[in-house]
Amino acid sequence: MQEPMLDVQNVTMKFGSLVANENVSFLVKKGEIVSLIGPNGAGKTTLFNCITGFYKPYAGRVFFKGKDITGLPTHRITAMGLTRTFQIVKPLKEMTVKENVLTGAFLRMPTKKEAEKVAEEVLEMTGLYGKKDYLAGSLTIADKKRLEIARVLATKPEMIMLDEAMAGLNQTEIKEAMELCLNLRDRGITLLIVEHIMEAIMPISDRVVVLNAGKKIAEGSPEEVTNNEEVIKAYLGERYHAKGKKS
Ligand SMILES: Nc1ncnc2c1ncn2[C@@H]1O[C@H](COP(=O)(O)OP(=O)(O)OP(=O)(O)O)[C@@H](O)[C@H]1O
Ligand SMILES: [Mg+2]
């Protein structure tokens, strides 16, 4: 059997007496798009932090490509091919768009020439090429989110975790972001996506994992999850009917 790309096993994370993740387990296979959904405060970002080395989980283990990465420093996890974006985008504002992307590209490309080539490819892929000389601080929110993705792509990842990369985007920009996700998947990149915009992620996800109050309450195909009573009660409620339409 093919080894899973990401294997999260019984992860628990506590902040004092608050249990932000409780015994969470799930798998992501190579080439899949998996979404992680749930209400505000469910523990999605905390789980991202536990997976990518920003936090060391209180209990449980995380495996990437069969290797135990639990609690490894973030830069080591990135070097292994797993990287993530942040819910609150933090571009280096005084640097240009291209310079921001170069900071990622230098991870694998030792010379400026090679790094520039990777940066330009990634700028092209994310639709930012025409703005490569803009200061990052001057970008719109949609372009800042694109830049965040471009920066992680420049590290040549095998798997990317996106934390609300579509929040604050308009309909057209959301469509573009969905296309970008599918495009990355077609290039062989595995994706784990945290998002509240159900209309955007349900059509592109192979599987969906649902968190509520730190616990996994459901996992399955988009159809299974959107028809799951507990998920509707805890999260989807009025915002997304089981048939996949907005209420
Ligand atoms: N560094 C921290 N210290 C203390 N409590 C924290 C910390 N980070 C998160 N929490 C708490 O842990 C819980 C889970 O938060 P988390 O940010 O992981 O939720 P989320 O699912 O990402 O929510 P959202 O959809 O609003 O982004 C919340 O109750 C939050 O207040
Ligand atoms: Mg969050």
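Strands here are DSSP runs of type E with at least two residues, and helices are runs of H or I with at least four, numbered from the N terminus. Two strands pair if DSSP finds at least two bridges between them.

Residues are numbered from 1 along each chain as its sequence is written, while chains are lettered from A and ligands numbered from 1 in the order in which they are written. This is a predicted model, where local features need pLDDT of at least 70, side-chain atom pairs count only at pLDDT 80 or more, and totals for chains, interfaces and linings use all residues.

**Exercise 1. Trace the pairing partners of E1.**

Step 1: Start with E2. Strand E1 (residues 6-15) and E2 run antiparallel, with 7 bridges joining them. Met13 has Asn21 in E2 as its bridge partner.

Step 2: Check the link. E1 and E2 make a hairpin with 2 residues between them, and Gly16 in the turn has a positive phi of about 60 degrees.

Step 3: Go to E4 (residues 59-64). This strand is also joined to E1, by 5 bridges and antiparallel. Gln9 sits opposite Arg61 in E4.

**Exercise 2. Work out what surrounds ligand 1.**

Step 1: List the shell, taking a residue as near if its C-beta atom, placed from the backbone, lies within 6 Å of the molecule. Among the residues around ligand 1 are Phe15, Asn40, Lys44, Thr45 and Gln87.

Step 2: Assign elements. Strand E2 (18-28) and helix H1 (44-51) each supply at least two shell residues, and H1 gives the most, with 3.

Step 3: Sort by character. With Gly counted among the polar residues, the shell splits into 4 nonpolar, 7 polar and 1 charged.

**Exercise 3. Lay out the open sheet and what packs on it.**

Step 1: Write the order. The 6 strands run E6-E7-E8-E3-E9-E10, with mixed pairing. E6 (82-84) and E10 (215-220) are the edge strands, each pairing on one side only.

Step 2: Take one pair. E7 (residues 159-163) and E8 (residues 190-194) run parallel, joined by 5 bridges, and Met159 stands opposite Thr190 in E8.

Step 3: Add H1. This helix packs on the sheet, touching E3 (33-37), E6, E7, E8 and E9 (207-212), and its direction makes about 150 degrees with that of E7. Contact means C-beta atoms, placed from the backbone, within 7 Å; axes are lines fitted to C-alpha atoms, for helices over the stretch in contact, and angles run from 0 to 180 degrees between N-to-C directions.

**Exercise 4. Decide where to trust the coordinates.**

Step 1: Take pLDDT, the predictor's confidence in each residue, from 0 to 100. The chain's mean is 93, and 96% of its residues reach 70 or more.

Step 2: Over residues 242-247, pLDDT stays under 50. Where pLDDT is low, the predicted coordinates should not be read in detail.

Technical notes: Contact = placed C-beta atoms within 7 Å.
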